[in-house]
2 protein chains.
Amino acid sequence: MRSEDRRALILEAATAVFGEHGYHGATTDQIARAAGVSQPYVVRMFGGKEAMFLEVLDRTLQRIIASFDAAVEENRASGAEGEEALAHCIGRNYADLLSDRGLLLSLMQAFMLGADPVVGPHARAGFLRVYRYLREVVGLDATAANDFLAYGMFLNTIVGVRMVDDYENDSSAREMLDEILPTKLELLMTDRSSAS
Amino acid sequence: MRSEDRRALILEAATAVFGEHGYHGATTDQIARAAGVSQPYVVRMFGGKEAMFLEVLDRTLQRIIASFDAAVEENRASGAEGEEALAHCIGRNYADLLSDRGLLLSLMQAFMLGADPVVGPHARAGFLRVYRYLREVVGLDATAANDFLAYGMFLNTIVGVRMVDDYENDSSAREMLDEILPTKLELLMTDRSSAS
DNA sequence: GAAAGTGGTAATCGGATGATTACAAACGCG
DNA sequence: CGCGTTTGTAATCATCCGATTACCACTTTC
């Protein structure tokens, strides 16, 4: 297989593993196993665990921005008016990203590493990149942008804590999830277990 | 010193260290050093790193609920009416918790460990405990409770990513922080650096 | 004032893990 | 074919870290 394709496979696997276990909790061996290659290979290909995590972060942000771009285009084509409709359209696409195993979780894990001297600045830059997109491209004001981000961080946290695991057995969890994601629940109910 | 007091000291140190580096990123030695004791001592006192983290999680939730209780009392004494005023009062007290080094961050770190077979269920239970408090004690409806939690998760994330580190140099970061925390910024500007 | 309990530490162990080295198999190409 | 380059792996290393053991100092109790 071409190295380029392997790289994409490994990045995808790394996104899932980092999302599940966090940066420190994930091992290069888990990632390698998930990608179907040997552990030394992933280390050599990316130059180290840290560099690999930064690439995962970059790729995640690119995907999010791309998803936002698609939503902007979709909204424009549908002829809707106003920033609010656009924000909701972007929110729906964001929720779709939840089904991309680990994508938003690895991002969230990065956000919690602000104290790291290398990851921290990258994570902040990524966060601000999204914020500026909402402000400048989408045209939201500061309040609306923060509301949007707050909802996004809430979703990420709900996924991170695996609240869906309690959907069946806990009425509060059910109420909360039904309220948050009335139409998107099936995205989270897909098998998120294991891949130990 | 009495073992009971040592325990409290260590839990406080552990909260800060876990908050900064995450569960896997934090080492028992860092915690011991921060508490001024030896590494074997903290391990023996709590029975292991995992058990210690669970105690940190419990203590954090107790503090949050206590802060909410205080806000409810304060709001009742001030004679204000309506759930909205109460929610804002609680929000202010929640923001005050941000100055408790690592308190909300260690909670957030726990929330990102939903995949962990031991920590995950505890984290979910804690999250739902807060949710039920908002619903049953404060009297918010499901939508208002979620809005409140969303804002809280947003604050936690902003602190986790150390957005204040960019306050001076990045106009977007400044705009965002000024919008989110118009009166509470000084809480975050206190020295959150190092304690490597 | 010994014996028993309490509050600690130094030394060390064993496993996990990121990284390195050395090597092998396939492929492109003159 | 022959040879270099690419794509990979097996084996191993070195370090970190959680846990264990063994021990020490002090206090309480009888």
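These are my notebook entries on how two protein chains meet each other and two DNA strands in a predicted model.

**Ground rules.** I worked with a predicted model, where local features need pLDDT of at least 70, side-chain atom pairs count only at pLDDT 80 or more, and totals for chains, interfaces and linings use all residues. Residues are numbered from 1 along each chain as its sequence is written, chains are lettered from A and ligands numbered from 1 in the order in which they are written, and side-chain values use heavy atoms, with hydrogens and water left out.

**Entry: symmetry.** I looked up how chain B maps onto chain A. A rotation of 180° with 0.0 Å of shift along its axis does it, at RMSD 0.0 Å. That is the relation of a two-fold axis. The superposition is by least squares on the C-alpha atoms of residues with pLDDT of at least 70 in both copies.

**Entry: the protein interface.** I then asked how many residues of each chain are in contact. I found 42 residues of chain B against 42 of chain A (contact means heavy atoms within 4.5 Å). The copies meet through the same surface, because 100% of the interface residues of chain B are also interface residues in chain A.

I noted the area next. The two chains bury about 3800 Å² between them, and 64% of it is on carbon and sulfur atoms. Buried area here is the accessible area (1.4 Å probe) that two parts lose on being put together, summed over both. M112(B), R124(B) and V161(B) supply 18% of what chain B buries against chain A, more than any other three residues.

**Entry: polar links between the chains.** I counted eight salt bridges between chain B and chain A (a side-chain nitrogen of Lys or Arg within 4 Å of a carboxyl oxygen of Asp or Glu). One of them joins D170(A) to R132(B), with the closest N and O atoms 3.4 Å apart. I also have 18 residue pairs in polar contact, both at pLDDT 80 or more. A polar contact is a pair of N or O atoms within 3.5 Å; within protein, one must be able to donate a hydrogen and the other to accept it, and residues adjacent in sequence count only if both atoms are side-chain atoms.

Which elements build the chain B side? Those giving two or more residues are α1 (3-25), α6 (103-111), α7 (119-138), α8 (142-160) and α9 (171-180) of chain B. α8(B) gives the most, with eleven residues. Helices are DSSP runs (H or I, at least four residues), numbered from the N terminus.

**Entry: DNA strand C.** I find 17 residues around strand C, the closest being T28(A), K49(A), R6(B), S38(B) and R44(B) (near means a heavy atom within 4 Å). Of the strand C atoms within 4 Å of the protein, 63% belong to sugar or phosphate and the rest to bases. The side chain of T28(A) puts an N or O atom 2.8 Å from a phosphate oxygen. A backbone N or O atom of A26(A) is 3.4 Å from a phosphate oxygen. R44(B) reaches a base: a side-chain N or O atom is 2.7 Å from a base nitrogen.

**Entry: DNA strand D.** I looked here for the nearest of 17 residues, and they are R6(A), S38(A), R44(A), T28(B) and Q39(B). An N or O atom in the side chain of R6(A) is 2.8 Å from a phosphate oxygen. Backbone N or O atoms also approach phosphate oxygens, at 3.1 Å for S3(A) and 2.9 Å for K49(B). α1 (3-25) and α3 of chain A, with α3 of chain B, each supply at least two residues of this surface.
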